[in-house]
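Please open the model in your viewer and keep the selection panel at hand. The tour below goes from one selection to the next.

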Amino acid sequence: MSEPIAFLGNLDPDEEADFLAALGAALPEETIRPFRTLTPDERATVRIAIVANPDPTEVALLPNLAWIQSLWAGVERLVRDLGPGTAPIVRLIDPELARTMAEAVLAWTYYLQRDMPAYRRQQETATWRQLAYRPPGEVRVGLLGLGALGSAAAARLVQAGFRVAAWTRSPKPVPAEVTAYSGPEGLPDLLAASDIAVCLLPLTEETRGLLDAGRFAAMRPGAALINFGRGAIVDTDALVATLDTGRVSHAVLDVFSVEPLPPDSRLWRHPGVTVLPHISGPTTPGSAAAVVAGNVRAYRATGRIPASVDVARGY
């Protein structure tokens, strides 16, 4: 029997139980136990930790940790909290997560393409008025980020008939149906060409505050924003100001610098904002456990740690 795998997470009891049950079913040959149930001697033997928003002080009590498997795709908080010198961190790269994120991008793109915010405002004033229909082929969607999630979203949008472009930090191959932009000079061009801008970027020092007043000024007049990346990528004050002027017509926000979004946040009540409670790309315990199981078995067989996060880049 191998040493136990530690499970560390800041989850509610039901969510923790769901993850532990899924992991146990996917890895019946392993012993996976919550950190709190491990003795000091057992903690000293742990080589693998599976984590979801763990307490850094608990991670520090695993002195022989070889690597950390995150249950989330985003790892910037984990990198920040654990700091330099921690064991290698492995992101969750889950095809099911990519599918659900692409589904969300398509759903909320349709919401904006079909002018649902305008119809909601009309309902509040009992206004019966049909707006002109814009077919997908006339709507330009610009994706910020083309990793696993962005690539899946691009494929769904292309399949639905939208005109799709994507911006990446450095040049990379893109499908023939997608117009490519890259580098600092490419971002304003993408924003100027997009009716709907969709942010799927990770949070790094380079992307923090990336969508600021200058970037909003570069957007097409009347364009809309979907942010499914990280809240701190958007300068909230600049966003509200540009919504107030109408240059950005609407923002669908699923991520925020502080979560849950405080009740006194002006975003809740702004007529140009749709607030979502971080639902666009949920981690599904069953599919996540299958990915984790593959990583653990490969490590047990070869001793090689799965591809890990570049801490300097933040992803």
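Which strands does helix H8 (residues 183-193) lie across? Bear in mind that this is a predicted model, and select H8 together with strand S6 (140-144), strand S7 (163-168), S8 and strand S9 (196-199), for these are the strands that the helix lies across, running at about 135° to S8.

Next, select the whole sheet, an open one of seven strands in the order S8-S7-S6-S9-S10-S11-S12, with parallel pairing. S8 and strand S12 (273-275) stand at the edges, each with a single partner strand, so one side of each has no neighbour in the sheet. From one strand to the next, the twist averages 15°.

Stay at the S8 edge and pick serine 182, which belongs to strand S8 (residues 178-182). Serine 182 counts as buried because its relative accessibility is 19%, and among the residues it touches, leaving aside those up to four places away in sequence, are Trp167, Thr168 and Arg169.

Now move to the S12 edge, where strand S11 (residues 248-253) and S12 pair in the parallel sense over three bridges, and where valine 252 stands opposite threonine 274 in S12. Add helix H10 (residues 236-245), which lies across strand S10 (223-227), S11 and S12 and runs at about 140° to S11.

Finally, select helix H5 (residues 95-113) and helix H7 (residues 148-159), which pack at an angle of about 50° with their axes 8 Å apart, and which are therefore oblique to each other. Their contact includes Leu97, Met101 and Leu106 of H5 and Leu149, Ala152 and Arg156 of H7; the residues of this contact divide into eleven nonpolar, one polar and three charged.

Definitions and conventions
Residues numbered from 1 in each chain as written. Predicted model: local features only at pLDDT ≥ 70, side-chain atom pairs only at ≥ 80, totals over all residues. Heavy atoms only, no water. Helix = DSSP H or I, 4+ residues; strand = E, 2+ residues; numbered from the N terminus. Buried < 20%, exposed > 50% of the residue type's maximum accessible area, 1.4 Å probe, protein only. Contact = heavy atoms within 4.5 Å. Axes fitted to C-alpha atoms, helices over the stretch in contact; angles between N-to-C directions. Parallel < 35°, antiparallel > 145°, perpendicular 65-115°, else oblique. Nonpolar A, V, L, I, M, F, W, Y, C, P; charged D, E, K, R; others polar. Pairing = 2+ DSSP bridges.
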